[in-house]
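Visitor: Please take one part of this model and look at it closely. I would like the contacts, the neighbours and the reasoning behind each call.

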Amino acid sequence: MSIIHNIIAVLASFIIAVISWGGYFGIALLMAIESACIPLPSEIIMPFGGYLVSTGELNLYLVATAGAIGCNLGSIPAYELGKHGGRPAIIRWGRYVLLDTYDLDLAERFFARFGSLAVLIARMLPIVRSFIAFPAGIARMPLGKFHIYTFIGSWPFCFGLAWIGMVLGKAWDSDPRVKEWFHRFDAVIVAAGLVVVAWFVWTRWQRRAR
C-alpha cells in the first residue's frame, strides 16, 4: 500500500499545483491530458476542483464545463491518429504498445454494434473513457457528432465528481473521517488502474506467446 500512497501523493501534488495555478484552465488542461490516452485520474482532478468550489474560489457548473471542454480537446489527437493511422498503424506499430489487430477488430465490432452511443457511454465510465477516442477515429465517426457526444457524456461525469469534491470540501475541517475516506477512495481508484494495466499487459503477452 505504501507504493500506492506514494503514487497518489505524486499525482495529487501535480494536480493540485496545476489547478491552483490555472483554475478553470488548469482543470481543462488536466482533463485534456486524461482524454489523450494518458491515464491521469479524473477521479482526483475533478474532486479537487469541487473542493475549490466549497472554498468559494470556483463555480461548480464552470468546473464541470471546463472538465468537459478538456475532454473534447484531449480527444482530438487520439481521434485523428485513429482516423488517419487506423489499422495500418496498429499492424505496424501496435506491438510496441501491446496492441494488435485483435484489439482493432473488437473496437470496430463495438462501434458497428453501438455506433455513436459507444462514445456517450464510454465517456461516463472510469478508465475506458481515456481510450475511447482512438477507436472512434478508426471507426471514422463524424467529427462533429464525436465532439457533441463526448461533451454530453463528459459533462455529467465531471459534474458528479466535482459535486462530490464540493460536498467533501465543506466537511473537510469539521469531520476528520472525511479525510480518511477520501484518501481511501483515491487509493481504490489508483489500485484499480494498476490492476487494469497489469491485466492488459498480461493478456497481451499471453496472446503473443500462443
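Guide: Phe159 touches Leu60, Tyr61 and Ala64, leaving aside residues up to four places away in sequence. This is a predicted model, so every value here is computed from predicted coordinates. Phe159 itself sits in helix 9, which covers residues 143-171. Take Gly50 as a further reference point. Phe159 and Gly50 are 109 residues apart in sequence, yet their C-alpha atoms are 8.6 Å apart in space.

Now the rings. Phe159 belongs to an aromatic cluster with Tyr61 and Trp155. Tyr61 thus appears twice: as a contact of Phe159 and as a member of that cluster. Across the structure there are six aromatic pairs. One of them joins Trp21 and Phe25. Their ring centres are 5.8 Å apart, and the planes stand at 75°. That angle makes the pair edge-to-face, because the class begins over 60 degrees. Trp21 is exposed, at 62% relative accessible area. Phe25 is exposed too, at 52%; the cut-off for that label is over 50%.

Next, the residue just before Phe159 in the numbering: Cys158. Is Cys158 buried or exposed? Cys158 counts as buried, because its relative accessibility is 0%. Cys71 is also buried, with a relative accessible area of 0%. Why do Cys71 and Cys158 not bond? The closest cysteine sulfur to that of Cys71 is in Cys158, and it lies 4.4 Å away, so the gap is too far for a bond. The cut-off for a disulfide is 2.5 Å. Cys158 is in no disulfide either, its nearest cysteine sulfur being that of Cys71. A search of the whole structure finds zero disulfides.

Cys71 leads on to a helix pair. Helix 4 spans residues 60-84, and helix 2 spans residues 24-35. Their axes come within 7 Å and cross at roughly 40°. The two helices are therefore oblique to each other. The crossing is right-handed. Which residues of helix 2 meet helix 4? They are Tyr24, Ile27, Ala28, Met31, Ala32, Glu34 and Ser35. On the helix 4 side, the residues are Leu62, Val63, Ala66, Gly67, Gly70, Cys71, Gly74 and Ser75. Cys71 is therefore part of this helix contact, and the closest cysteine sulfur to its own is in Cys158.

Conventions
Residues are numbered from 1 along each chain as its sequence is written. This is a predicted model: local features need pLDDT of at least 70, side-chain atom pairs count only at pLDDT 80 or more; totals for chains, interfaces and linings use all residues. Side-chain values use heavy atoms; hydrogens and water are left out. Helices (H or I, at least four residues) and strands (E, at least two) are DSSP runs, numbered from the N terminus. Contact means heavy atoms within 4.5 Å. Buried means under 20% relative accessible area, exposed over 50%, partly exposed in between (1.4 Å probe, protein chains only). Rings of Phe, Tyr and Trp (its six-membered ring) pair if their centres lie within 6.5 Å; planes under 30 degrees apart count as stacked, over 60 as edge-to-face and the rest as tilted. Axes are lines fitted to C-alpha atoms, for helices over the stretch in contact, and angles run from 0 to 180 degrees between N-to-C directions. Angles under 35 degrees count as roughly parallel, over 145 as roughly antiparallel, 65 to 115 as roughly perpendicular and the rest as oblique. A crossing is left-handed if the near helix is turned anticlockwise from the far one by less than a right angle, and right-handed if clockwise.
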